Amino acid sequence: MGIATASGVYAPARARLPPNNSPAGSGSEQDQRRVGLEHLRALQAQDPGRVAADIEIRLQAGGLDAAAASDLVAESGKRAGGLPALAEATLPPPMAGKGDNPTARAFWMLASDLSASLLPVLPFALLPILPARVVSVVLTAALMLALGVWRARLGRRRTLPTALTTLGIAAAAGAVGLITGQLVDAWFGVG
């Protein structure tokens, strides 16, 4: 599950990330790439020669001949920030790899959609309407906060702002649904 290098230089950064078939969305994929790039920059500072060798290997695997790959790496190394930029450009997409299983991704999507949609509705099937409203809001808020904490850990972001942002987005979506329902009721005279 490493980042396609001959020496496995970038594999440790990927080992700390979720599996490629995780239910992470595109924001999480961007976080995975950001974390991988942070690791790459740290390695560049420690051992530029090893990083340069890996870049050459990836360029050759992409179809460049050995001499052209060597020249490109040497030329990039002469420019400020050139080698890290070339290393970044040669990284594969965050979800690339042999673990990228469409069936597993579809299963995760199904499971997450079912759980996210059933949790707010289930209290209405089991409880009277007034307590069901309270339980539904509390369960949904708890789920959104937990999702926000998970996103923060996955993307190595600050936990509280990320969790509150996730909760805020869910609350805004709920408010839009409520307002739309009220407008439809008023427009068609229902209710």
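A polar contact here is a pair of N or O atoms within 3.5 Å, one able to donate a hydrogen and the other to accept it. I start from that definition since my first entry turns on such a pair.

**Entry 1: Thr166**

I looked up Thr166 in this predicted model and placed the residue in helix H8, residues 159-188. Which side chain does the side chain of Thr166 join in a polar contact? I found Arg151, at 2.5 Å. Is Thr166 buried or exposed? Its relative accessible area is 6%, and buried means under 20%, so I entered Thr166 as buried. Setting aside residues up to four places away in sequence, I listed the residues that Thr166 touches as Met144, Leu147, Gly148 and Arg151. Arg151 therefore appears in my notes both as a residue touched by Thr166 and as its partner in the polar contact.

**Entry 2: confidence**

I then checked how far the prediction can be read. The mean pLDDT of the protein is 76, and 77% of the residues reach 70 or more. Where is confidence lowest, and where highest? I noted the lowest in helix H1, residues 11-15, with a mean of 35, and the highest in H8, with a mean of 92. Thr166 of my previous entry belongs to H8. Over residues 1-26 pLDDT stays under 50. For that stretch the model has 59 contacts beyond four places in sequence.

**Entry 3: overall make-up**

I counted the secondary structure as 8 helices and 0 strands. Along the sequence the pattern reads α-α-α-α-α-α-α-α. How much of the protein is buried? Of the 191 residues, 26% are buried. I also looked at the span of the contacts: among those between residues at least 6 apart in sequence, 57% join residues at least 24 apart.

**Entry 4: H4 against H5**

Next I took up a helix pair. Two packed helices are described by the angle between their axes and the distance between the axes. For H4, residues 66-78, and H5, residues 82-90, I have an angle of about 135° and axes 6 Å apart. The pair is therefore oblique. Which residues make the contact? From H4 I listed Leu72, Val73, Ser76 and Gly77, and from H5 Gly82, Leu83 and Leu86. By class, the residues of this contact divide into 4 nonpolar, 3 polar and no charged.

**Entry 5: H2 and H5**

I moved to helix H2, residues 26-46, which holds Gln44. Arg41 also lies in H2. Is Gln44 buried or exposed? Gln44 has a relative accessible area of 16%, so I entered the residue as buried. Arg41, at 44% relative accessibility, counts as partly exposed.

With neighbours within four places in sequence left aside, Gln44 is in contact with Val51, Leu83 and Pro84. Leu83 is already in my list for the contact of H4 with H5. Pro84 lies in H5 and, at 26% relative accessibility, counts as partly exposed. Outside its neighbours within four places in sequence, Pro84 is in contact with Leu40 and Gln44.

I wrote down three C-alpha separations:

- Gln44 and Pro84 are 40 residues apart along the chain, with their C-alpha atoms separated by 7.1 Å.
- Pro84 and Arg41 are 43 residues apart along the chain, and their C-alpha atoms are separated by 6.7 Å.
- Arg41 and Glu88 are 47 residues apart along the chain, with a C-alpha separation of 9.2 Å.

**Entry 6: Ser136**

The last residue I looked up was Ser136, in helix H7, residues 129-155. Its relative accessible area is 8%, so Ser136 is buried. What does Ser136 touch, not counting residues up to four places away in sequence? I noted Pro120, Pro123 and Phe124.

Definitions and conventions. Residues are numbered from 1 along each chain as its sequence is written. This is a predicted model: local features need pLDDT of at least 70, side-chain atom pairs count only at pLDDT 80 or more; totals for chains, interfaces and linings use all residues. Side-chain values use heavy atoms; hydrogens and water are left out. Axes are lines fitted to C-alpha atoms, for helices over the stretch in contact, and angles run from 0 to 180 degrees between N-to-C directions. Helices (H or I, at least four residues) and strands (E, at least two) are DSSP runs, numbered from the N terminus. Angles under 35 degrees count as roughly parallel, over 145 as roughly antiparallel, 65 to 115 as roughly perpendicular and the rest as oblique. Contact means heavy atoms within 4.5 Å. Ala, Val, Leu, Ile, Met, Phe, Trp, Tyr, Cys and Pro count as nonpolar, Asp, Glu, Lys and Arg as charged, and the others, Gly among them, as polar. Buried means under 20% relative accessible area, exposed over 50%, partly exposed in between (1.4 Å probe, protein chains only). pLDDT is the predictor's confidence in each residue, from 0 to 100.
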